[in-house]
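User: I would like to go through this model in questions and answers. Please show the sequence and structure first.

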Amino acid sequence: MRRPADFRRPSGASLPLLSALAATAVLLTACGTEHAGPGSTGARASASRNVTRIDDPGKDGVRITSLTLPTVSPSPSPTRSYLVSADRLTTESDSGISAAYEVTNHGTEAWTYTVVFTFTSADGGAMANQTETVRDVGPGQTVRGTVRAGQLPPTTPRVTGAKVLEVTKVPADEAPAEPGTCPASGIRVSADKGDAAMGLRVVGLHLDNCGERAYTVEGYPLLELLDDALRPVDGVEILHGSGEITTGAGTDEPPRPVRLNPGESATAGLVWRNTTQSGTPVNVPHVRIRAKEGADPVTVSPHLDLGTTGKLGVRPWQKTER
């Protein structure tokens, strides 16, 4: 009996060849499926990403658990020409590089953590630093998150790793309020990143009335200097005004009552020199601030490198002019 025409074997084709063609079709169909990155343990990623699990001991309860890197695309063939349409061009918001992390509170009270992560190249150089704030981590609690490397210059060496660079933590009920939020007191206290020139350091303190009633302060903020364990730092004289520190940071205004209506702000300042001579340099990571007597404390972390001067000047509250 003759075979139907549809089932006739093509002239010159063999069964092994058909099998090879079928296998090629399967491989082509599989292109673009998710795959695990090198060193990953069961993690799955999209075709444009490699996810690598990291066994990181971490620092002070903070550790990186995985690193996500874009897959390196093969270079186009030099013999092919490409036509790029302008409407197809897109601007990447970041490099696509990120790290998953977890914060575990091994203590007995709630903490707010400020963590500096660094993304590194193969030789260990820092390619990008990013800071994340993880709030209200209770005792025994673990909080997980993701930090992104952000946009990197095209000439940046390829990122191959990430690590926890620095961990700062303060009691959760004393942490500065999150930007854009207002604490129950209606008063938001914060510190800026400061300025440094020729050994002179200046950090601004900010007081915002984000509540619904007027708030009045007079004189100088009340300060308590704290070490890494949030214990008082001894041996540092807190001076009213900056005249004994420097005359190059401007003249101090005399202290006077400052009334802040809702939406208004005031500033003060910390001034010091990091001169180091004989003796042991003093570093003060934290400063507990009260806007005035009886106000709720707020602990900021300006990392004061006081050297061996033993002095810190504080400027009085002054209303911020709009």
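**Disulfide, sheet and backbone**

Analyst: To begin with a cysteine in this predicted model: cysteine 210 has a relative accessible area of 25%, so the residue counts as partly exposed.

User: Which residue does cysteine 210 form a disulfide with?

Analyst: Two cysteine sulfur atoms within 2.5 Å count as a disulfide. The S to S distance here is 2.0 Å, so the pair meets that cut-off. The partner of cysteine 210 is cysteine 182.

User: How many disulfides does this rule give?

Analyst: The link of cysteine 182 and cysteine 210 satisfies the rule. Under that rule, the count is one disulfide.

User: Where in the chain do cysteine 182 and cysteine 210 lie, and how many residues apart are they?

Analyst: Cysteine 182 lies in the loop between β7 (159-171) and β8 (187-191). Cysteine 210 belongs to the loop between β10 (200-209) and β11 (215-218). The disulfide therefore links distant parts of the chain, with a separation of 28 residues.

User: Is cysteine 182 buried, partly exposed or exposed?

Analyst: Buried means under 20% relative accessible area and exposed means over 50%. Cysteine 182 has 36%, so its class is partly exposed.

User: What is the handedness of the link between cysteine 182 and cysteine 210?

Analyst: The angle about the S-S bond is 80°. With that angle, the link is right-handed.

User: Which strands are the edges of the open sheet of three strands?

Analyst: The strand order is β5-β4-β7, with antiparallel pairing. An edge strand here pairs on one side only. The twist from one strand to the next averages 20°. The edges are β5 and β7.

User: How many bridges join β4 to β5?

Analyst: Strand β4 covers residues 111-121 and runs antiparallel to β5. One of the residues involved is tryptophan 111, whose bridge partner in β5 is valine 137. The number of bridges joining the two strands is nine.

User: What is phi of aspartate 136, and in which strand is this residue found?

Analyst: Aspartate 136 is not glycine, yet its phi is positive, near 55°. This aspartate is found in residues 126-137, the strand β5.

User: Where is aspartate 60, and is it buried, partly exposed or exposed?

Analyst: Aspartate 60 also has a positive phi, near 50°. Its place is the loop between β1 (49-53) and β2 (62-70). The relative accessibility of aspartate 60 is 42%, so this residue is partly exposed.

Notes. Residues are numbered from 1 along each chain as its sequence is written. This is a predicted model: local features need pLDDT of at least 70, side-chain atom pairs count only at pLDDT 80 or more; totals for chains, interfaces and linings use all residues. Side-chain values use heavy atoms; hydrogens and water are left out. Helices (H or I, at least four residues) and strands (E, at least two) are DSSP runs, numbered from the N terminus. Buried means under 20% relative accessible area, exposed over 50%, partly exposed in between (1.4 Å probe, protein chains only). Two strands pair if DSSP finds at least two bridges between them. Axes are lines fitted to C-alpha atoms, for helices over the stretch in contact, and angles run from 0 to 180 degrees between N-to-C directions.
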